[in-house]
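This report looks at how the chains of one assembly meet, and then at some details within single chains. Please keep the sequence and the structure in view while reading.

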Amino acid sequence: MNIANVAQKLQILGETVKALFRYKRFRIGLIIIAIIVALTITSMFSPARYKQWYAYPKDKPPQFSSLDLLLGTTTNGRPVFWIIANALANSLYIGLLTAVIGSHIGLIMGLLAGMFHGKRIETAFILLIDSFIVMPGLPILIVLALALKQHMTIATIPLILSIIAWAWPARNVRSITLSVMSRDFITTATYSGIRFHNILIHEVMPYVLGWHLTNFINTIIWAIGMETALAVFGLSILSEDTLGTTIYWVLNYNALFRGLWWWFLPPVVFLILIFIGFYLISVTVSWYLNPRLRGGGAQ
Amino acid sequence: MSQPLLQVDNVTKIFRYGFLGFKFRAVDNVNIVLEDKPMIFSIAGESGSGKTTLAKLILRIYKPEYGRILFKGRNIYEIDENSFRKNIQPIMQDPYAAFNPMQKPIRYLRETAKNIVGIKNDEELEELIAKTLSYVGLNYSDVVNKYPHEFSGGELQRLSIARALLPKPKLIVADEPVSMLDASLRINIINLFKKIKDELGVSFIYITHDLATAYYMSDKIAIMFRGTIVESGPSKKVLSKPLHPYTQTLLESLPQLDPKKKEYWYRQRIKFSAYIEEEEFIAKGCKYIHRCPYAMSKCKTEPPYFKIDDVEVRCWLYEKK
Amino acid sequence: MSEESDVVLKASNIYGEYVLSPSVSIKAVNDVSMELRKDDVVGIAGESGCGKSTLVKILYGFITHPLVAKGSVVLNIDGRNINILSTDEDYRRENIWWKIMSYIPQNSMNVLNPFMRVGDHFVELLRKHLKMERDEAYKMAEEYIVNMGMRKDVLKAFPHQLSGGMRQRIIVALALLLKPRIVFADEPTTAVDVVLQKVLLHLLIDKQKELRNSLVVVTHDMGVHAMVTQRLMVMYAGRVVEEAFTAPLFEDPKHPYTQALINSLPRLGDEKPRRGLEGSPPDLRNPPPGCKFHPRCPFAMDICRREEPPLIEYENGWRVRCWLYMKR
């Protein structure tokens, strides 16, 4: 691994991104996520008092008089605009951190499970992965959330979510690894004396990385959705703002029936937008990776 | 009498497929002895005969359920990986599949030279590679920076051969090495194999379904059918005076390159199996029983091998009274 | 001597190009003309990249993106003339394909619909083109399959339950079901062992003798051509380089490529050392100037490097494209 190699790999990455840009789906997805990230950045400028209850007049519909009141206020007397900005930031953070931890655990487990095919230890890996897949995710997370309520912070929720998040990526990576390991060039590599770890890195990983990226993005979506689900049950961190906790308070104060549309619409709309944005990116990447769909060009 | 180079001793490989675990013997009690002198040993048969499975058993890709394989008297599973790969090397059927499309093939040559031959010095390494490449008819500078898709099938196959030659192995197991190449290029690779055997003393196990190339280059041949060897012996003899009914059918089915033989070829009718393959695999007794024009009630038990001169045949027709 | 009226298919100046991008196109077929007569068994020989598969697809009318075809393919059926290339795909599907012309593709083992039983494939064809009732069609399919040497219960199976060889035979049976006048078989024996090869070829030849249709066999296997065809067309880099009756062609091939092709093949019973061609077929995106074979030709002359030879009639029924045979 020297400078020339790294430069070459970065160049290939750059070309891939450029190629992806040609697809409308990818551009739309990227634009959506970019807008959301821009909003997230504005959260850094939230006024100190936005967290205080009743700091603003309550139940006020949107007014263009000031930025704070752009999306009105909640029944708690808090500005919806800043709530959403922070909620987006926190939800994205939770999603990203879970993806970083969970999908990489999945990657390693999947690779090992695939490469130990035929050996006795493979059964242990398969048992572990399949058990976690079969376990119902949400109920387990509910139980964990209840048990660990005191220890939950924005930083620890990802850890809890990762316990469940790694299983599907592991399965996915394992199946790719298995199919790569059954190909003729692995025999060539073995008979060239290339060792296990080198086969993993240089022969198998290039095929797995694309799927790993897709898994990563899908985990972001999954994690945000799971946190929202937990929050709706009241099991998230209610003192912090996430898209989920916003919905919790919306339900708690019956905002739907009271017609406070400026409060209940934004979290839902943004949830949908986040899902669509990431989904478009993820689908384009996995479509691009499949040579058959793309028309059989060399990678 | 020195030890045989390779000995396949009563080897059986059982596969199961399908939901209910249908078991069948892909390789059934096969025995092969390869003497310790440079020779080309062909294993011929149709698809499903078990020849590829046998090759993979020798290469330690599959493990036999019964029996053992000995290299120079030692069980191949008791030889350490590096020594094994110094002595036995593979050549694959599909030249494009033999190399990772994302890596340059030169990488595998370098790795082989480094790991198996044991060369540490970079200059020496490149020199050995360049020499071997020119021996197989390739140019070092044409090869070194290209990816597999930039080569033709014939060139890639030569690259495979060059890589296999680097450790100067005693045995090369080639699984249908020319069947995916254009007809006019095949003879060049076949001639190369002969050259390697004559000049470097390397033995080949040449798996094929093409009897014409087997005749052209091999010293001994074994004909496989549904997992068993039905006939084996010196190739010129087996292929010109076939004893087993299956070998006879194979030779009669071969299209001749002489249009004058058209009528003769057309008149030979084959009693082809209307059965689904699996039934042939689990047939009790001689596996060829469903197709054999000479099938007798005796064939319901599997015949042993009978030796006629230096040819071994597995057929009751040759039982000596 | 066969008359003009015997010609069932006349292909004139066929060009076939794969347009990959505005600047890159592969000229797979370059100005090929040929005629097919009734009761004709013609072979098209050549190796990978010579254009024979593309040619046959164009003749059959199976033209999909990015293939672009030019020229005319005129069918002469029951007194009517139809130019295949001027019809649209729906017309071909309704009236021509399976009924008048049949096409057996390469690697056809995987062409069957995995969700339909084998019998349903037959029934679908029969109902669509012969307007039969389901039961009637099924019975006809049963008789037909038995006639082709297979068992009735094959019809009840799904494609994945059968071996590759069995599926191949079914594809051939399907192609011959509606008694088409012209049958194109593209590499029918390539992925297949010698015994199955013979069975498939027999299926095709027997039906050909019975129905007296025209059979076109495309393969690089010269042995198959020798045993099966009456006439043979050799292609290289998208052009016809030699065309003659099979027996004289094997005895004394004229074009250096044909010579190399035939002489490089080992024969059973013959230990004579043989040599093959060096090099590889040209890149059809950037073919060499002059004769496309000259880089590999042992007899290449100066003119071969500059100008491409035309296809001339050497003798009765024998055409060659080579400067060696140009009469001054």
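Chain A and chain B bury about 1,800 Å² between them, and 54% of that area lies on carbon and sulfur atoms. The model is a predicted one, and side-chain atom pairs are counted in it only at pLDDT 80 or more. The contact between these two chains draws 19 residues from chain A and 26 residues from chain B. Across the interface of chain A and chain B one salt bridge is found, and its partners are B:Arg107 and A:Glu203, whose closest N and O atoms are 2.5 Å apart. Polar contacts between chain A and chain B join 15 residue pairs, with both residues at pLDDT 80 or more. On the chain A side, helix H8 (184-191) and helix H9 (196-232) each contribute at least two residues to the surface that touches chain B, and the largest share, seven residues, belongs to H8(A). Sorted by class, the residues of chain A that touch chain B are seven nonpolar, eight polar and four charged.

The second interface joins chain B to chain C. Here the buried area is about 4,300 Å², of which carbon and sulfur atoms give 64%, and the contact takes 45 residues from chain B and 56 residues from chain C. One salt bridge is found across the interface of chain B and chain C; the side chains that form it are those of B:Lys260 and C:Glu251, at 3.6 Å from N to O. The count of residue pairs in polar contact between chain B and chain C is nine, again with both at pLDDT 80 or more. Several helices of chain B supply at least two residues each to the side that touches chain C, namely H7 (183-200), H8 (211-217), H9 (235-240), H10 (245-253), H11 (262-267) and H12 (277-281). Among these, H7(B) gives the largest share, with seven residues. The residues on this side of chain B divide into 21 nonpolar, eleven polar and 13 charged.

The two interfaces are set out together below.

| Interface | Buried area | Share on carbon and sulfur | Residue pairs in polar contact |
|---|---|---|---|
| Chain A and chain B | about 1,800 Å² | 54% | 15 pairs |
| Chain B and chain C | about 4,300 Å² | 64% | nine pairs |

Within chain A, the secondary structure consists of twelve helices and zero strands, and the C-alpha atoms fill a box of roughly 75 × 45 × 35 Å along the principal axes. One pair of its helices can be followed in detail: the axes of helix H3 (residues 80-115) of chain A and helix H4 (residues 121-134) of chain A come within 8 Å and cross at roughly 140°, and the crossing of H3(A) with H4(A) is left-handed. H3(A) brings A:Met109, A:Leu112 and A:Ala113 to this contact, while H4(A) brings A:Glu122, A:Phe125, A:Leu128 and A:Ile129. By class, this contact has six nonpolar residues, no polar residues and one charged residue.

In chain C, a single loop residue offers a further point to inspect. C:Ile63 sits in the loop between helix H1 (52-60) and strand E4 (67-77) of chain C. Leaving aside residues up to four places away in sequence, C:Ile63 touches C:Lys57, C:Ile58, C:Ala69, C:Leu85 and C:Glu89. C:Ile63 and C:Gly16 are 47 residues apart in sequence, yet their C-alpha atoms are 9.4 Å apart in space.

Notes. Residues numbered from 1 in each chain as written. Chains lettered and ligands numbered in written order. Predicted model: local features only at pLDDT ≥ 70, side-chain atom pairs only at ≥ 80, totals over all residues. Heavy atoms only, no water. Contact = heavy atoms within 4.5 Å. Buried area = accessible area lost by both parts, 1.4 Å probe. Salt bridge = Lys/Arg side-chain N within 4 Å of Asp/Glu carboxyl O. Polar contact = N/O pair within 3.5 Å; in protein donor to acceptor, adjacent residues only side chain to side chain. Helix = DSSP H or I, 4+ residues; strand = E, 2+ residues; numbered from the N terminus. Nonpolar A, V, L, I, M, F, W, Y, C, P; charged D, E, K, R; others polar. Axes fitted to C-alpha atoms, helices over the stretch in contact; angles between N-to-C directions. Left-handed = near helix turned anticlockwise from the far one by under 90°.
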